[in-house]
Every structure is written in structure tokens, then in C-alpha cells.
Amino acid sequence: MPPKEDEDLAEQGEAQEVVENVENVEVGHDEEVADEGMKPKTQATQDPTLFSDERGNLKAVNMVCRHPCKIFWFLMIFCFIISFLLQILVFRTAEDGNPFTTPQNEFDLDDIRSIQYDSLRLARDGVQKDRDADNEGALATPKQSEVADLAYWVYEAETDAGVYGTRESIQAMKDAFDIFWTDERFPDWCLLDYRTFLKPNETRKCSTPLTSLSMYYASTWDSVKVDSIIETLKDDDKVATYNTLALCEARGLYCELVPNTTTAEERAFTKELTANISSQVFSWDMRGDLIENITQGTELAAHLLKVDIFKGLVDFGFDKTFSVDNPKSKFSRGIIFWGGPLEGQETNLTADEKEALEEGEDDLRKDFVIDNFLDKMNKQAEEGTHSFINSYYFMIAIIGDVILQIVLQDALLAIFSLGFVFFWLRINTGSWFLAAVGFFEISFSIPIAWFLFSVVFQIQYFATLNSLAIFIVAAIGADDIFIFMDAYKQSRIRDPDNLVDIETRMSWVY
């Protein structure tokens, strides 16, 4: 036989002998570990350190290997105690049972906008404090005469026609406001209109929502007069003249700035146009039917944007690209106002008593909205409710509950993810026990981290986005277990010395 073939056979024989020796060591591993009198094959080769012994094994791993049951049950009990303390110290003491921090304006010392906002807030709080002090014992606050909350609707068009392009899309936006506006109980909660005197046996009405829809649902609409206004506003020279004189002639303000060359005809024109526009604007109360000619209404809004003293009536409801040249708005928005106090406020209340009363009314308002309107608001905001627009809402009173509801819904979706992780752990480890312990490690890392964050380090801010950490922890935790098990399996064949005892093998794995 050629020398080359002899060498190959010799090498194969040696390799086979090594594999057999490793397998024999693995089979007899448990018996060797149980035999306390057996000497380790690996002799001391280094000086012990703070973390390792004379054989290079990790001392922490040695302790776990020598007392596995004690350490296992200690960690189990420790995790349950931490979770119980978290429940007592954080969850039960949270406002309204919500452990998450309500979103607020973030502050950045290096951002000029934050500094400006903080200055405004401090000035506003100071003025309000002085007013409260001056008003103690003054006239009573009329029922529902102050803005106590607001419901904010935002709309996005799904078609090129825009949000005001079709009667269907306009009605869809109106449906969102009608959740409150047409409810017979809403007058007991809305911001009442105190701008007019009441007639005998007449009750006050709710203030008109801040929305361009009030124009499309005006109680009266004079198409002839609207056409006349539009034709007048098409003349840019007339618009410029009107903007120059309107504050003085219509509001009695800044008359000293009116040019000396102003003619009587120009003054008369300004007064006439003001009267014509005002006669239409006063009927924008959202209590009528949808106007017949919605294109005319949109055109009027586009031209009113050029008129300084009336542009505020329409620009809030149209996007920044809306104009005479582009009479389409992809977005719109509107606000419906909630009033307070719910009953006439007494004159002898202190600032603290007034604040306590407002907090109590806020809770009542929140419960009223959640019990009667929240499901309808969610239905209106669903993507499939309207094919031509998307609706979004915001309300201060319920924001915390809505966010918590979203988090809980996402948590239910996480159940499937965690279930998949558990069964994949079972497949990878081949053991129900190891899979259960691994899942336990993943699950309890959240309350322990939360306890350290909120109780130990006393960090008050806890955002709802933190709850998404469960997905990151599940991925990293499962990945660690897979790597650990792969390392354990490799320790059998990578180095036979790893099989001297369980401590050496687990130290190599770690």
C-alpha cells in the first residue's frame, strides 16, 4: 500500500479514537461529577483571581453548579417579591390606575423654542394666579362659560378632490362633530354662548365649533349675495383697498393709519362689503343643512383668505396649500368646545377650592365621554369607515385612557409573539422545563427593570412607548438562550477537557 494511503488511514484512526473518547467522557460525565473524591484531570495552571479559581473556572458559575436548586428558588421568590412591590409602590399609587406618564411638552435647555415656551407658561401661570387672587369673592362664574376641554378632529383626504371636494366627504366630517353636536345631552356639557341676550323662555345654545364646516352647514345661505362678494374679491385692487381701511371702518381701530388720500367712495365701499360678508358669516352656525352649491362655498373661503379681518374664519379649516389658484384642501381640522363650571360657581371659593372643583368636573367629563361617545369616536376614526377620508381625534380628558387602551390592545397582540417564542424555545432546547425557565426569565425582566427605573432610581417619567420593550426583551432573551444552548452542545466536541466536570464545562459555556 502506498505511504500516502497509510498516513490517511492513520489519521482517520486517530480522529475516530478522539471522537470515541469524547463520547465515553460524555456518557460517564454524570458519574464523574457525582464522585466527589475524583480528582479533576485538569491541574491548577493559574493563580486564582476575584472572578476565577485556580483552574480558570468562573466562581459565580461554580456556585450555581453546586447549589442549582437553592439559587433557582431564590431567584423565583425574588422576582415575585419585586413584582409585588412594583404593584404596591407604582401601580396602586398611579393616578387613575394608569402607571404611564401623560404626554407633555418636552423641554430642552438648548432649544430656543423650549425656553420661549417655558417663559410663556410661567408668565401665563403668574397672570392666572394674580387673577385668581383678585377674583376671590368677586362675581360668580356663570355655568359653562369657560373652556374646560376640547375635542379636536383632523381629517385627511384619500382622493384628489380634497376633503371639501364632494358632498359625501363633507358629510363624513360633519358626522364626527354630530357625535356630540346632535346629542341631546351635550348642552349640559358644552361651552355655552353668552354673547347674546336671551329672550323670555329661551335657553342658551352651545358655542359653534371652530371648523369650516360651519360655513357649509349655515342656517341661511344667500347664493346671490355670495356670488356678489366673490366677484368683488376677485379684484385685487379692491381687496387691497379694503384691507387698508377695514380695521378702521369695520372695527374702529388704527384709524390714524388710514391714508389721507382715502376717498368717501372707498370708505363707503369698505362698509358695504363688511356688511355683506358679515350678513353671511353670522349665519355660519352649523345648524342648517348642507348648502346646495358646495363649490361656491369653497370658492368663497378661498377669496376670504385674502381679506385680513375675515381670513381667521376659514384658514383654520383648510391646509396651507389652499388658495384661489388651488381650491383643494387635502387636510382639515376642527374643534368642539366643552364648558365649565358645570354649575354656577360660588363667589367665595379660594384658588385651591376652585382647582379641586375643576379636577372633579374633569373626572365627570371623562367618564361621560368614555361611557357615551368613545366607541362612536373610535368607529369614526377607523380606517374603513369612509373610503374618501381618514379621521383622527384628540381630547385632553381621555388621552390617558385612550393611550392605555392602545397599549393593552398591543399587549394582546404580543401574546401571539410570546407564545411563538415559547414553543420555539421548546423546539430548540428539547425540554419543556428549559423553555419554561427561559420564558420566565424573559417575562420577569420587565417588572424588575421597571422597579429599578421607578422605585430605585425614582425616575417619574415613564412613557407608554416603554411597554414596547417586551418585544425587544423577548427577541434578545430568546437569542441568548439559543446561543447558550448551542455553546453547551459545542462544549462536548470543541475540547475534551471541558468534560472533566460540570463546573469546567459551564464556565466554558459562559
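This section describes the disulfides, the surroundings of D193 and helix α15.

The model is predicted, so local features were required to have pLDDT of at least 70 and side-chain atom pairs pLDDT 80 or more, whereas totals for chains, interfaces and linings use all residues. Residues are numbered from 1 along each chain as its sequence is written, and side-chain values use heavy atoms, with hydrogens and water left out.

A search of the whole structure for disulfides (cysteine sulfur atoms within 2.5 Å) returned two. In sequence order of the bonded cysteines, the pairing is 1-2, 3-4. One disulfide links C190 and C206, with an S to S distance of 2.0 Å. The torsion about its S-S bond is about -85°, so the C190 and C206 link is left-handed. Both cysteines lie in the loop between α6 and β2, so the disulfide ties together parts that are 16 residues apart in sequence. C190 and C206 are both buried (under 20% relative accessible area with a 1.4 Å probe, protein chains only; exposed is over 50%, and partly exposed in between). In the other disulfide, the sulfur atoms of C248 and C255 are 2.1 Å apart, and the link is right-handed, with 100° about the S-S bond. C248 is buried at 12% relative accessibility, while C255 is partly exposed at 36%.

D193 also lies in the loop between α6 (167-181) and β2 (210-211); helices (H or I, at least four residues) and strands (E, at least two) are DSSP runs numbered from the N terminus. D193 is buried, with a relative accessible area of 16%. Its side chain makes a polar contact of 3.0 Å with that of R195 (N or O atoms within 3.5 Å, one able to donate a hydrogen and the other to accept it within protein, with residues adjacent in sequence counted only if both atoms are side-chain atoms). Leaving aside residues up to four places away in sequence, D193 touches R204, K205, C206 and S207 (heavy atoms within 4.5 Å).

Helix α15 comprises 25 residues, 432-456, and its end C-alpha atoms are 34 Å apart, in agreement with the 36 Å expected at 1.5 Å a residue (1.5 Å times one less than the number of residues). At the N-terminal end, S431 caps α15 through a side-chain oxygen 3.2 Å from the backbone nitrogen of F433. The helix bends by about 30° at F444, with P447 following within four residues; the bend is the angle between axes fitted to the seven residues ending there and the seven starting there. Buried residues of α15 include F440, F444, P447 and W450. The buried residues of this helix pack against α4 (68-91), α14 (399-429) and α16 (469-494). Just after α15, Q458 has a positive phi of about 55°.
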